[in-house]
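Colleague: Could you take me through this model feature by feature, giving the general idea of each before the case at hand? I would like to begin with the backbone.

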Amino acid sequence: MFSRKHRPWQSREADITPKGLYLDRRAIMAGGGAMALAGLTGCDAQSNALAGQQAGSRQRPVNGSLDFSPTDYSVMDDQTPFPAVTGYNNFYEFGIGKDDPARYASALTTDPWSIDIEGLAGRTGRFALEDVVDFTSLEERIYRLRCVEAWSMVIPWIGVPLSTVLSAFQPSTDARYVQFETHLDRDEMRGTRFPVLDWPYVEGLRMDEAMNELAFLAVGLYGEVLPNQNGAPVRLVVPWKYGYKSIKSISRIRFVSEQPVTSWNRSAPREYGFYSNVNPDRAHPRWSQRSERVIGGNVFARRDTEMFNGYGEQVAHMYAGMDLIENH
Ligand code: MTE
């Protein structure tokens, strides 16, 4: 099915009925998760994080289904079949083959999970994931993810807007960029024993990009907890940029004043820029970006690649006046 309007998304007609809260709010409050629900205040971050863990309260499912609300941010194209979404992946920490992540990522321990918040922000420290993402207000967004390797998938992601998460840490006005880092465990992540990239995997966004309405932190897909190969327990989804910006298994977020290092830019600067906006006019030095293979459908299925992956209406204004070939 293709979008019936010229917009890349529209309200879904068959709205999903939220399944109701799977969490017992009272249990969370009693278990020390009150902070997550009430919004954290100026208390010590470390003790907030520990409060949730020490009480042993389960504030997020670690497998099975998630509860979420539908949103207007949905591409109406055919969704990529679940086996392709979870069986054809890039997650070099588990190997460079497309089927390596499905084979080996189950070794990653995703519970408990903490995220270090660092840099130019009012609230910094180590936080339990449950204190970073509010699992009681998840939403679904069906975004197209366009990989730099010239293929794409349409995936129903479950998560929260990145802006909601970042705002809670009160970034200062000097924080012009935000850097994200993937967890690194050489025992559990067998691919990191090889110097394919300079580990840990790092990515970054300009602050206005990070606060854009489309930037999303996903904790699930297809109604289920995020499979490990897709970046459990929490990954970024930046739908107007090439897929490598959508960093997986995030364990550090750092607010910085200067443009941060990113893994692929550091590894091959001519091929991968900091911005990495989907741009059919800027060929990768080794292949065209004009069209893309549609994963999961007919083997010959292709579509023309759109500027900003079709999300220009929401994001083009952030790059007004910039040369997007130079700033690729
Ligand atoms: N994040 C980490 N930590 N390591 C990776 O190798 N690969 C990126 C991105 N995030 C990658 C990563 C690339 S190249 C793509 S295309 C997307 O993840 C793929 O996401 P998917 O496997 O969920 O489709």
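Modeller: Pro233 is found in the loop between strand S9 (224-225) and strand S10 (235-237), where helices (H or I, at least four residues) and strands (E, at least two) are DSSP runs numbered from the N terminus. This is a predicted model, in which local features need pLDDT of at least 70 and side-chain atom pairs count only at pLDDT 80 or more, while totals for chains, interfaces and linings use all residues. Residues are numbered from 1 along each chain as its sequence is written, and side-chain values use heavy atoms, with hydrogens and water left out.

Colleague: What is the omega of the peptide bond that joins Ala232 and Pro233?

Modeller: Omega is about 0° there, and the bond is cis. The bond from Asp111 to Pro112 is cis as well, with omega near 5°, and Pro112 belongs to the loop between helix H4 (100-104) and strand S2 (114-119). On phi, Gln170 has a positive value of about 50° although it is not a glycine; Gln170 sits in the loop between helix H6 (162-167) and strand S6 (177-182).

Colleague: Turning to empty space, how much of it lies in the largest pocket, and which residues are closest to its centre?

Modeller: Rolling a probe the size of a water molecule over the atoms shows where empty space is left. On a 1 Å grid over the protein atoms alone, a cavity is a set of points where a 1.4 Å probe fits but cannot get out, a pocket is an open set with protein on both sides within 12 Å along at least five of seven lines, and lining residues have an atom within 4 Å of a point. The largest pocket holds about 480 Å³ (the space filled by probe spheres set on the points, which are joined across faces, edges and corners). Its lining comprises 27 residues, with Asn90, Phe91, Cys147, Gly243 and Tyr244 closest to the centre. Strand S4 (139-147) and strand S5 (151-161) are the elements that give two or more residues to this lining, and the largest share, four residues, comes from S5.

Colleague: Where does the ligand sit, and which residues come nearest?

Modeller: The ligand sits in the largest pocket, a statement that requires more than half of its atoms to lie within 2 Å of the grid points. Around the ligand are 15 residues (a heavy atom within 4 Å), of which Asn89, Tyr92, Glu93, Thr182 and Lys248 come nearest. As for polar contacts (here, pairs of N or O atoms within 3.5 Å), a ligand nitrogen lies 2.8 Å from a side-chain N or O atom of Glu93, a ligand nitrogen is 2.9 Å from a side-chain N or O atom of Thr182, and a ligand nitrogen is 3.2 Å from a polar backbone atom of Asn90. Taken alone the ligand exposes 540 Å² (Shrake-Rupley, 1.4 Å probe), and the protein buries 98% of that.

Colleague: How many cavities does a search of the whole structure find?

Modeller: Three cavities of 30 Å³ or more are found, and the largest cavity contains about 100 Å³ of space. This cavity is lined by 13 residues, with Tyr242, Glu271, Asn277, Arg282 and His328 nearest its centre.

Definitions and conventions: Polar contact = N/O pair within 3.5 Å; in protein donor to acceptor, adjacent residues only side chain to side chain.
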